[in-house]
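Below are my comments on the model you sent round. They are numbered so that each can be answered separately.

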Amino acid sequence: MRALVLVAALAAGSIGFVPPGFAQQSTDAAAWLRRIFSATEKLSYTGTFVYQQGEHSETSRITRIVDSSGVHERLEVLDGTPREIIRFNEEVKCYIPSTMTLKIDRQTETRPFPAMRADVSDFAEHYEIRKAETERIAGYDCQAIVLEPKDRLRYGHKLWADVTTGMLVKAKTFNEKNEVVEQFSFTELQIGGKIDKKKVKSPFANARDWRIERASPVKADLAGLGWTVRNLPPGYRKVNELTGALPAHPEVGQIVLSDGLAVVSVFIEPLGPKAGQAQIGPARHGALNIYTRRLETHLVRVVGEVPAESVRQIAVSVEYRRP
């Protein structure tokens, strides 16, 4: 409830009063947002969706079953290079048949889509949350919810959720110019009901001669080693510190930052023989913005689906003090 009052107060603060119906709309929108996150984590479903980033689009089939043993999930990419992702609780396996490669990872925390790392109250100060139109998508009547950033340091979002279950059916991400930089939408979807467990099993599970790559991220104390991020953009905070997230470079440290909705990673990599080939400064890959700088004997690379100014601010705020 504190978050809902805060949203209304901030939005009305410049004119001194809350417009009629505004507080109720904010309350409804925030409740819808909580419902979306809960449904995305707890529901079983199967369907086909299209993901688009810039000019690139990709169609995938996903099945997710939540039962007494936990979460079983299979995602099969239907376009381009064949690949398949199998998840059982924290263990994630990625099969790449073209190279006979099996990548095995363990999630350090549960992150349903959209990834919410905090209660609405923790990021409502930096987003205006409101209800929009209702629309029929993939056979479901959906309520649209808009998350509009109050500054230019984070992206905006629009989410469409099934009015009956709260299941996320469509989502768009907007940059600081209000351009769509990323979106996904189900084209066919079954929510709940009887879903055959064979749909979450990989046909490659018993295959032999696969090259196995294991990522073993473990919690780390990078601050204790002298690495800190000061003067973060408003609303962002540190939520995790890891090492071993990159199998080929287990020595790379990772600091995970979030405002509760947006997520930014700070990778700290010792300078190697190929350091001179690294692109210093800003770069962009679809919705991802990247900023790289040299600091002491390391490369600091900041990556996130946030505006370029946010990753730049974070990159220049990384400090090293020899312990």
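**Notes on the model**

1. Strands 16 and 17. Strand 16 (residues 253-258) and strand 17 (residues 263-270) run antiparallel and are joined by six bridges. Within this pair, G253 stands opposite I268, and I255 stands opposite V266. The hairpin has four residues between the two strands, and G260 there takes a positive phi near 105°.

2. Status and confidence. This is a predicted model, so the confidence values should be read alongside every point here, pLDDT being the predictor's confidence in each residue. The chain has a mean pLDDT of 85, with 86% of its residues at 70 or more. Residues 1-24 fall below 50, although the model gives this stretch 24 contacts beyond near neighbours in sequence. Residues 109-113 also stay under 50, with twelve contacts beyond four places in sequence. I would flag both stretches in any figure.

3. Overall make-up. The chain contains four helices and 21 strands. Of its 323 residues, 46% count as buried. Taking the contacts between residues at least 6 apart in sequence, 50% join residues at least 24 apart.

4. The seven-stranded sheet. Strands 16 and 17 belong to an open sheet with the order 13-15-16-17-20-19-18 and antiparallel pairing. Its edges are strand 13 (218-219) and strand 18 (281-285), each of which pairs on one side only. On the other side of strand 17 from strand 16 in that order comes strand 20. Strand 17 and strand 20 (residues 298-304) are antiparallel and joined by seven bridges. In this pair P270 stands opposite H298.

5. The largest nonpolar core. Which members of the largest nonpolar core touch the most other members? They are L33, I129, L147, F186, L189, V266 and V302, out of 53 residues. Helix 2 (residues 22-42) gives the most to this core, with six residues. Part of helix 2 should be viewed with the caution of point 2, as the pLDDT is below 50 over residues 1-24.

6. V302 and its surroundings. Beyond four places in sequence, V302 is in contact with V264, S265 and V266, with N289, I290 and Y291, and with V311, I314 and A315. Of these contacts, V266 is also listed with V302 among the core members that touch the most others. V266 is the residue facing I255 in the pairing of point 1.

7. A second core and a pocket. Apart from the largest core lies another, of five residues, including I86, Y95, L102 and I104. I86 and Y95 appear again in the second largest pocket, where they lie nearest the centre together with K93, S202 and A205. This pocket is lined by 17 residues and has a volume of about 340 Å³. Strand 4 (83-88) and strand 5 (91-96) each supply at least two residues of the lining.

8. K158. Is K158 buried or exposed? K158 is found in strand 9 (residues 156-162). Its relative accessibility is 17%, and because the cut-off for buried is under 20%, K158 counts as buried. Its contacts beyond four places in sequence are A132, E133, A144, I145, V146, K170, A171, K172 and F174. K158 and Q183 are 25 residues apart in sequence, and their C-alpha atoms are 9.4 Å apart.

Technical notes:
Residues numbered from 1 in each chain as written. Predicted model: local features only at pLDDT ≥ 70, side-chain atom pairs only at ≥ 80, totals over all residues. Heavy atoms only, no water. pLDDT = per-residue confidence, 0-100. Contact = heavy atoms within 4.5 Å. Pairing = 2+ DSSP bridges. Core = buried A, V, L, I, M, F, W, Y, C linked by side-chain atoms within 4.5 Å. Buried < 20%, exposed > 50% of the residue type's maximum accessible area, 1.4 Å probe, protein only. 1 Å grid on protein atoms, 1.4 Å probe; cavity = no way out; pocket = protein on both sides within 12 Å on 5 of 7 lines; lining within 4 Å. Points joined across faces, edges and corners; volume = space filled by probe spheres on them.
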